[in-house]
Amino acid sequence: MAKLKQETSHEMGLHQEQLKGRTQQKFFSIDESANLTYFHSFEVDTNKSAKIDALDMTPREINREIRALMEGGIGDITVDNPMSRHGVGVGILNRLNLTFTDSLGYFGCGLIDGPNVHIKGRVGWSCAENMMAGTVVIDGNAGSTFGAAIRGGDLVCKGSVGARTGIDQKGGTIIVGGKTGAFSGFMMQRGRMIVLGDAGMNLGDSMYDGTIYVGGEVEELGVDCVPGEMTELDIRYLTEKLGHYDMKAPRGVEKMQKYVSGKTLWNYDNLEPAEKKLIL
Amino acid sequence: MCGIAGIIHKNAGKDVNIGEQMTAMLQALKHRGPDSTGYAMYGEDNGNHVVRFKVAEAADLEGSFDIHAAIEDRIATVNSRMEDLGAKIVKKESATEYSHRYEIQFSGDMKKLADFVEDIEGVEILSIGNSLELIKDLGDAAVVSEQYGLNDFNGTHGIGHTRMATESDVDIRSAHPYWAYPFSDVSVVHNGQLTNYWTNRRALELKGHRFSSNCDSELIAVYIADRMNQGSDLETAMRDSVEYLDGVFTYLVATRDQLGMAKDVMAAKPMVVYEGDDMIALASEEVAIRTLFDHHIETFDPYHGEVKVWQN
């Protein structure tokens, strides 16, 4: 296995910020993705390609065909005519380059851990929910609950997204090229959300931790969400992250506003009962 | 859960087969509600009023020996009451024993006519309009379309609904769309739950409005009717409704020449919109809109509290 690149999120200084809770967060670095090991996954070769025409296939048939191709060592799969079907591209716990040449419906690419997905269209509600690692890049718009409860990876929408983006986000990075709807970052617990356009009302409502960057106007902040101070680290991080996806903040990253949690939950720093037993 | 869909053609005249288009979209939304399916479609206005009414529920036909005679009596009474008020029935059609379509010529008080006809036991007017045809029955879109011959219906726009019964019974009375009684050519479909239904229903009933069901969605139709009765235009009434209605909802309203959508302030119910130069299509899920296209389309989700109205 190739040696892991050492410029991790720690080296970038991202953990020097004052996170208020305990964290097991390890920020996903796309440069390291080729080196990640997925236990019990298929050995695939990204130089081996295959196409699926999904026009007359059910979501289950599409997902099974993707799995069968991975089992056969195919590491680069293109799916034509997904026709906005729901639940497509889900549960992929593998390295894989996966391209959808058109839009997906609800829960597209949910529960994934590792693949690099490109969707040349739009996605419906709950795209990439519970994603663990990998990248999902959407060329068009996205529906509500975009990236719900994601733990890691990069989830990128080049267009605008609906309401409750990153609800219950536990890690990873969500990037929105346009506008995001109401209640984005609701109960956010870790990770980063970057919105280049405007944000709807109640941004970051009830967030415990994590960071939200907004390039446009914020209609209204939610309870517990307060403005934070942009640092050189933030600017460097945003510049690198957006540059990786050929995206730009309309007014420059320096003009973006940072938002963080305004207070700590009373027991957020407490140890779990099992952990207390260990030290008592 | 329920699914809603709508389509409006802006420059195509009245020769677009919107019946086939609506059926395709509603059938794609069957998984959101298989209990009943309804259409409100707007076609040619030949100068007559189109009255859609039912004289029984589909379930009434089962287990009652007297229902067939009762239906005949009810239809005869409808005919006589219409004629008593000066309505001339120029065409009669019926897709089922209980569901009827009349074309009438009438210049009197439409509310009085509707009230007089609905006073007959078991009779409910589904819609009155010059171009509105409101059809709803149990089953999915393929079943209802086949039953009522909707797949060759030409017109400019329409809205539709697939229902998963949560707040009231599985029957035609509780199926959508709802006609905004007593306004001709105004219809509503809704996906969501209204939490201030009873409070607002009582207030509207005190003002003289009638409710034909216990379905919370009917409140929207009655509210819109009330506001239009006070002189509001459709868009203003819809904008006010976002504050007036409490709960989670997305709904569509159609009039003779407009199609509107409204979304609650929590943006809790889905809606996907395609806005083309000649056509606007919208539905609870994009998978429904994609039945109309064989190529990629650009779509978007409206935001919280958003109201949009399109003109044909």
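Two residues are in contact here if their C-beta atoms, placed from the backbone, lie within 7 Å. The model described below is predicted.

**Chain B and its domains**

Chain B is divided into two parts: domain 1 covers 3-42 + 141-311, and domain 2 covers 46-129. The C-alpha centres of domain 1 of chain B and domain 2 of chain B are 24 Å apart. The domains do touch. Domain 1 of chain B brings 13 residues to this contact, and domain 2 of chain B brings 15 residues. On the domain 1 side of chain B, five of the touching residues are nonpolar, five are polar and three are charged.

**Where the chains meet**

Chain B also touches chain A. Chain A gives 23 residues to the contact and chain B gives 14 residues. The side of chain B that touches chain A holds six nonpolar, three polar and five charged residues.

The table sets out the make-up of two touching sides.

| Touching side | Nonpolar | Polar | Charged |
|---|---|---|---|
| Domain 1 of chain B, touching domain 2 of chain B | five residues | five residues | three residues |
| Chain B, touching chain A | six residues | three residues | five residues |

**Chain A**

Chain A has 280 residues, and 50% of them count as buried. Its secondary structure comprises three helices and 11 strands. Along the sequence, the order in chain A is β-α-β-β-β-β-β-β-β-β-β-α-β-α. How are its contacts spread along the sequence? Take the contacts in chain A between residues at least 6 apart in sequence: 32% of these join residues at least 24 apart.

Notes. Residues numbered from 1 in each chain as written. Chains lettered and ligands numbered in written order. Predicted model: local features only at pLDDT ≥ 70, side-chain atom pairs only at ≥ 80, totals over all residues. Domains from an automatic or database assignment. Nonpolar A, V, L, I, M, F, W, Y, C, P; charged D, E, K, R; others polar. Helix = DSSP H or I, 4+ residues; strand = E, 2+ residues; numbered from the N terminus. Buried ≥ 20, exposed ≤ 12 C-beta atoms within 10 Å, placed from the backbone.
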